[in-house]
Amino acid sequence: MEKGVKVLAKNSKAFHEYFVEERFEAGIELCGTEVKSIRLGTMNLKDAWCAVKDGELWIRQMHISPYEKGNIFNKDPMRPRRLLMHKREILRLHSKVKLDGYAIIPLSVYLKNARVKVEIALCKGKKLFDKRQDAANKDARRQIDRAMKERNR
């Protein structure tokens, strides 16, 4: 882990459902009470995805629980939030997403030098047989590690 980086939430489901092709770092536009809620770790990336609309990158279905002490300043927990990236990066992502099977998926949310950042990835969807193959490879690796551990004893 880099100096000054604290991971707040991870999307482990993304690695099971998609092949990760490229990773990007993006800022996120938040309200004050949302930042406080994120710092407490009350967020969920499980069903989140990103879309390009009118030349802007938006994250959707990311749930940030309302801040308990925020009263009237709390926003809708499921509202779309704008991601902050360079225009040319957004256009490049948009051209790739137009291709079949590609999606922009958030992988993690973290604090980097007191700023909230989102790691997003250009992903290609896995088929069922790909998921089975990954599970078989993981199981084989686990058995090899066990055998090596037994042998070293």
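Student: What makes Tyr67 a contact of Thr33?
Tutor: This is a predicted model. Contact means heavy atoms within 4.5 Å. Thr33 touches Tyr67, Gly70, Phe73 and Asn74, with residues up to four places away in sequence left out.

Student: Where does Thr33 lie?
Tutor: In helix 2, residues 32–39.

Student: Why is Thr33 called buried rather than exposed?
Tutor: Its relative accessibility is 13%. Buried means under 20%. Therefore Thr33 counts as buried.

Student: What makes Lys126 a charge over the ring of Phe19?
Tutor: The charged end of Lys126 is 5.2 Å from the ring centre. The cut-off is within 6 Å, and within 35 degrees of the ring normal. Lys126 is listed as sitting over the ring of Phe19.

Student: How many aromatic pairs does the structure hold?
Tutor: Zero. A pair needs ring centres within 6.5 Å.

Student: Which residues line the largest pocket?
Tutor: Lys126 appears again, with Phe15, His16, Lys131, Asp134, Ala135, Asn137, Lys138 and Arg141. A lining residue has an atom within 4 Å of a pocket point. The space in this pocket is about 200 Å³.

Student: Which helices supply at least two residues of that lining?
Tutor: Helix 1 (12–17) and helix 4 (128–152). Helix 4 gives the largest share, six residues.

Student: How many residues of the lining are charged?
Tutor: Five are charged, two are polar and two are nonpolar. Asp, Glu, Lys and Arg count as charged. Among the lining residues, Lys126, Lys131, Asp134, Lys138 and Arg141 fit that class.

Notes. Residues are numbered from 1 along each chain as its sequence is written. This is a predicted model: local features need pLDDT of at least 70, side-chain atom pairs count only at pLDDT 80 or more; totals for chains, interfaces and linings use all residues. Side-chain values use heavy atoms; hydrogens and water are left out. Helices (H or I, at least four residues) and strands (E, at least two) are DSSP runs, numbered from the N terminus. Buried means under 20% relative accessible area, exposed over 50%, partly exposed in between (1.4 Å probe, protein chains only). Rings of Phe, Tyr and Trp (its six-membered ring) pair if their centres lie within 6.5 Å; planes under 30 degrees apart count as stacked, over 60 as edge-to-face and the rest as tilted. On a 1 Å grid over the protein atoms alone, a cavity is a set of points where a 1.4 Å probe fits but cannot get out, and a pocket is an open set with protein on both sides within 12 Å along at least five of seven lines; lining residues have an atom within 4 Å of a point. Grid points are joined across faces, edges and corners, and a volume is the space filled by probe spheres set on the points.
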